[in-house]
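Trainee: Pick one residue and give me a close look at it. Then place it in the rest of the model, with the cut-offs as you go.

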Amino acid sequence: MNTGELVSRLEHVTPVNMELASHREQLKLALCGMNSQPRTVGISGWKFLHWLPARQPVWKTVLIASSAWLLVIAAVIYAILPPVSGSGMSIAMAADLALNSPQIKAILPADGTATVTATDIGNHIVAIVIQKQGVLINAQVDAAGALRILKITRYMMLAPPLEGYVVTPEYRQKILTLAGADARIKTLLDGGAAVRRIQPAVYNVVTNDLDTGTVTNVTEHLTLLVLTAGTGQPEFLVNPDTGLVISLSDSN
Amino acid sequence: VQLSAALKRYNINHMEIEHEHLLVAKAKTEPLAFGELYEEYYSRIFGYVLRRTANLTAAQDITSEVFYKALKGLHSFNWQGVSFSSWLYRIAANEIADSYRKSARENKYLQEFRVSPLSQEYISADLELRKNEEYRSLQEGISHLPPKYQEVIALKYFEDKEIREIAEIMCKREGTVKSLLHRGIEKLRIILSRDEEELK
């Protein structure tokens, strides 16, 4: 082959031209969400993802230390929740089960202090919400018979909510309608609670259905709803598409 | 006719540059407007990276990194002799060169945005990529060249860039680009001829 022939091949070749729509969409969601955040954030979102692999060599040591912390937290839950039998005991046991679950330990950041919320969401299902270092885990535990974890969902914030961001009146109404359908929020609102903040944020959501063994991995826009109720500020995460409401504050 | 064609090309380029200026200025003041810039350039950058790497997973990771770096550096971007699109291509070229050096662990966080290789979308795209044998044969040869030759050949023949634009992207003089192109083609010819000989 001479140079002329090669140049001709290069000039006439049809290079590949394609893209992956899902990648395009997910990356855009994350980047746009990230661009709406204040520039001085802690170890969260993308920065957290950068930071995590770098800390891997010390994971084992920290994991042992954090296990001790988890036990302390579990003990605190036992102390706070009603002490004997009934749903209180089931909730406490469900929380303990979730906190000691190897699957949850594996996806929970080793460093930092965890905040744990346990809520009876009906049908003998207890939702255990664990928040640590920008990672939020929602475990659904079947508390009917022998306790077992049904589903583990990890919400990793890719872009924290934008301070001072004002949502449109239509979006606000949509979130309030969805949130109002949740018994916990309805009780608070009926009791005189006021809406303090409505802030959308971008999350990477990985759900592991332990019953079916199915794992899904999606990027979602979720909305943080903060109420003012008396001296407290209960927080909820609302999915504007599915209407799913997760309580981030202890409502028991 | 040549003058008319040149004038037409100048007008199109001028319009594109004005449009680019507007988008960048908007994205600097309105955070969510970065989405418009992203929409404008995603296909070009993803396509460029894919044509350079011929690997869908690498193309996703590198494109993610390019736009992440563009977003981070947008506030400090200025128009000193380089257009925004050239700046993106420059980041992409650096990322492609870096990807040969980076360990898998360093790139791990970008997996969050990857399309699963088991998904129908990925499988279809991968099949499409493999079907284009002429391109794959050339790309295979190009991939054995040092990165600077890969870059100049890809920009000229796969991205259809003019020497002036390639010089802007590579941050080199036009004469240097022409020389690189000449040497790159010669090296590629030797590689492909050797491969053909081996096949015989």
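Mentor: Start with Arg51(B). Arg51(B) is buried, because its relative accessible area is 9% and buried means under 20%, exposed over 50% and partly exposed in between (1.4 Å probe, protein chains only). Before going on, the ground rules: this is a predicted model, where local features need pLDDT of at least 70, side-chain atom pairs count only at pLDDT 80 or more, and totals for chains, interfaces and linings use all residues. Residues are numbered from 1 along each chain as its sequence is written, chains are lettered from A and ligands numbered from 1 in the order in which they are written, and side-chain values use heavy atoms, with hydrogens and water left out.

Arg51(B) sits in helix α2 of chain B, residues 34-53. Helices (H or I, at least four residues) and strands (E, at least two) are DSSP runs, numbered from the N terminus. What touches Arg51(B), once neighbours within four places in sequence are left aside? From chain A come Pro15(A), Val16(A) and Asn17(A). From chain B come Arg44(B), Tyr135(B), Gln139(B), Phe158(B) and Glu159(B). Contact here means heavy atoms within 4.5 Å. One of those partners, Phe158(B), falls in the residue range of helix α7 (147-158).

Just past the end of helix α2 comes a backbone oddity. Ala54(B) is not a glycine, yet has a positive phi of about 55°. Most residues other than glycine have a negative phi. Ala54(B) is in the loop between α2 and α3 (56-73) of chain B. Chain A offers a similar case: His124(A), also not a glycine, has a positive phi of about 60°. His124(A) lies in the loop between β1 (115-120) and β2 (125-132) of chain A. At 55% relative accessibility, His124(A) counts as exposed.

Now the charges. Side chains of opposite charge can pair when their charged atoms come close. A salt bridge here is a side-chain nitrogen of Lys or Arg within 4 Å of a carboxyl oxygen of Asp or Glu. Over all chains, the search finds 16. One network links Glu19(A), Arg24(A), Lys28(A) and Glu39(B). Glu39(B) lies within the residue range of helix α2 of chain B.

Other pairs sit within chain B. Glu128(B) bridges to Lys131(B), with the closest N and O atoms 3.4 Å apart. Both are in helix α5 (120-131), three residues apart, about one turn of the helix. Glu128(B) is partly exposed at 41%. Lys131(B) is exposed at 60%. In helix α8 (163-170), Glu168(B) and Arg164(B) are four residues apart, again about one turn. Their closest N and O atoms are 4.0 Å apart. Glu168(B) is buried, at 18%, while Arg164(B) is partly exposed, at 39%.

Chain A has a buried pair. Asp182(A) and Arg184(A) form a salt bridge at 2.9 Å, N to O. Both residues are buried.

Helix α7 of chain B (residues 147-158) also holds Lys148(B), which is partly exposed at 39%. Lys148(B) joins Lys172(B), Arg183(B) and Lys187(B) in a surface patch of positive charge. Patches are made of residues with over 30% relative accessible area and no salt bridge, with like charges joined within 9 Å. Lys and Arg count as positive and Asp and Glu as negative, leaving out His and the chain ends. The place of a charge is NZ of Lys, CZ of Arg, CG of Asp or CD of Glu.

Back out to the chains. Chain B has nine helices and zero strands. Of its 200 residues, 46% are buried. Among its contacts between residues at least 6 apart in sequence, 63% join residues at least 24 apart. Its accessible surface is about 10,600 Å², 52% of it from carbon and sulfur atoms. Areas come from the Shrake-Rupley method with a 1.4 Å probe; for residues, only the protein chains shown count as cover.

Chain A, which supplies three of the contacts of Arg51(B), has eight helices and eight strands. Buried residues make up 45% of its 252. Of contacts at least 6 apart in sequence, 55% join residues at least 24 apart. Gln26(A) is in helix α2 of that chain, residues 21-35, and is buried at 16%. Its C-alpha atom is 8.7 Å from that of Glu220(A), 194 residues away along the chain.

Notes. Patches are made of residues with over 30% relative accessible area and no salt bridge: like charges are joined within 9 Å, nonpolar side chains (Val, Leu, Ile, Met, Phe, Trp, Tyr) within 5 Å.
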